[in-house]
Protein chains: 2
Amino acid sequence: MPALSRRERPAKPALTREGIIDAAVRVMESDGLQRVTMRRLAQELDTGPASLYVYVANSYELHAAILDRLLAQVDLTAAKDAADWREALHEVLGSYTDLLFAHPSLAHSAVHTHPDGPHYLALVDSLLGLLAAGQVPAGQAAWGVDLLLQTATATAAEHANDSKDGNAEAAFRRLNEAVDNASAQQFPNLHAHGVDLLSGTPSERRRWAFDMLINGIIATARP
Amino acid sequence: MPALSRRERPAKPALTREGIIDAAVRVMESDGLQRVTMRRLAQELDTGPASLYVYVANSYELHAAILDRLLAQVDLTAAKDAADWREALHEVLGSYTDLLFAHPSLAHSAVHTHPDGPHYLALVDSLLGLLAAGQVPAGQAAWGVDLLLQTATATAAEHANDSKDGNAEAAFRRLNEAVDNASAQQFPNLHAHGVDLLSGTPSERRRWAFDMLINGIIATARP
DNA sequence: ACCTGAACACCGTTCAAGT
DNA sequence: ACCTGAACACCGTTCAAGT
């Protein structure tokens, strides 16, 4: 009964670029970006790894595509509130950062991905609009947006390895110890600052960082 | 003639942690960090990969060790010039950035490496000293140093994939096109800023970024 | 204690051959 | 044009067995 089995088991949909990216996002969501490999994806799509190369140039491009797909989830609604532009900036950047914090290994790859997809452009456009609302000169706003996004991305990427073992805690403890042991002679400034270096909750530090960047962007004329 | 061959061909020195890191730096210098693998190192040291695990916990720890070794090369002499603290800050940060630019793949791994080696501590100590010379309150200086180093690291890491093919040029061209095509309706701010986004030489942008960060750090009180 | 062979469980990418 | 099997050239890490 070939007709029946053809209707009832369309198990293997045709390969498409979108289908591959869908599968990639699915695997990332469930197993992390480490598992988003050409071979694993091929297995997921019931084919061989070579077949994917018809639709995707290489694994770097695949990661970039996943990133743009995810960027669709950044909440840009706050960007309409030009009156409270500074707070809106915090909200948009916060939404972007939260997204990357949920997928630190993607953040890690985002550090060297130069995105150019529609969702990335929309994000940049929103940030530029908010800086314009704050009367920030266009030149410094343009360069500033780059730094705002870079900081958000790098901050999330820093935590890419934290999940493995007690990696995060161990690293924190080691640094803490190193700072404590810093002698007044060898590292006078480290010694003097002590706890300041490791103080604050992540969200306090994040908010301060964005504030600091906004202030810097406002205060610094382009060459 | 066993005695002779023992004296003349001490080909295989005993394995040590330092020896492994030496070999790692050598391989990185000649073939890039991609090639610094446990297996390649084992081959280099004329042994099997399993042997390395006596001295190194895993490949992440190995990368961290390479980074600290390299950090010894950061030029901190400018840090003594407290009078011209701002320029000294540029010089120390520039030296750090240059180092990472020479090894972008190491920069990439540095984004999620929490260093705690002596050379890293010396670098942080210098930066803290210069900010103190500039009368920056201790609390904001401590948080600020983190951001200064993060920006330098992330900037270098962005270029980690540029060497492959004409990756950098292609990415620049695509983004340029995307910005050009941004319609006034869909992306009004992108449309308005146009060239500003991609203007400036890398060193102009880098200097502006550090200036901007310093200004922001000075201007932003801790919570 | 230190070292190792061999194995386990994977990778990305290419290319000739098929449909 | 699209798809694939098979191969090439690699990975990190573990573990039982040796010295």
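The radius of gyration of chain A is 22 Å, whereas a compact globule of 223 residues would have a value near 17 Å; the radius is taken over C-alpha atoms, and the globule rule is 2.2 Å times the number of residues to the power 0.38. The C-alpha trace of chain A spans about 85 × 45 × 30 Å along its principal axes. The model is predicted: local features need pLDDT of at least 70 and side-chain atom pairs pLDDT 80 or more, while totals for chains, interfaces and linings use all residues. Residues are numbered from 1 along each chain as its sequence is written, chains are lettered from A in the order in which they are written, and side-chain values use heavy atoms, without hydrogens and water.

Chain A contains 12 helices and 0 strands (DSSP runs of H or I, at least four residues, and of E, at least two). Buried residues (under 20% relative accessible area, 1.4 Å probe, protein chains only) make up 51% of the 223 in chain A. Among contacts (heavy atoms within 4.5 Å) in chain A with a separation of 6 or more, 70% join residues 24 or more positions apart.

A turn of 180° with a shift of 0.0 Å along the axis lays chain A on chain B with an RMSD of 0.0 Å, by least squares on the C-alpha atoms of residues with pLDDT of at least 70 in both. The two copies are thus related as by a two-fold rotation axis. In chain A, the C-alpha of Gly216(A) is nearest the axis, 1.9 Å from it. The copies meet through the same surface, because 100% of the interface residues of chain A are also interface residues in chain B.

Terms used:
Buried < 20%, exposed > 50% of the residue type's maximum accessible area, 1.4 Å probe, protein only.
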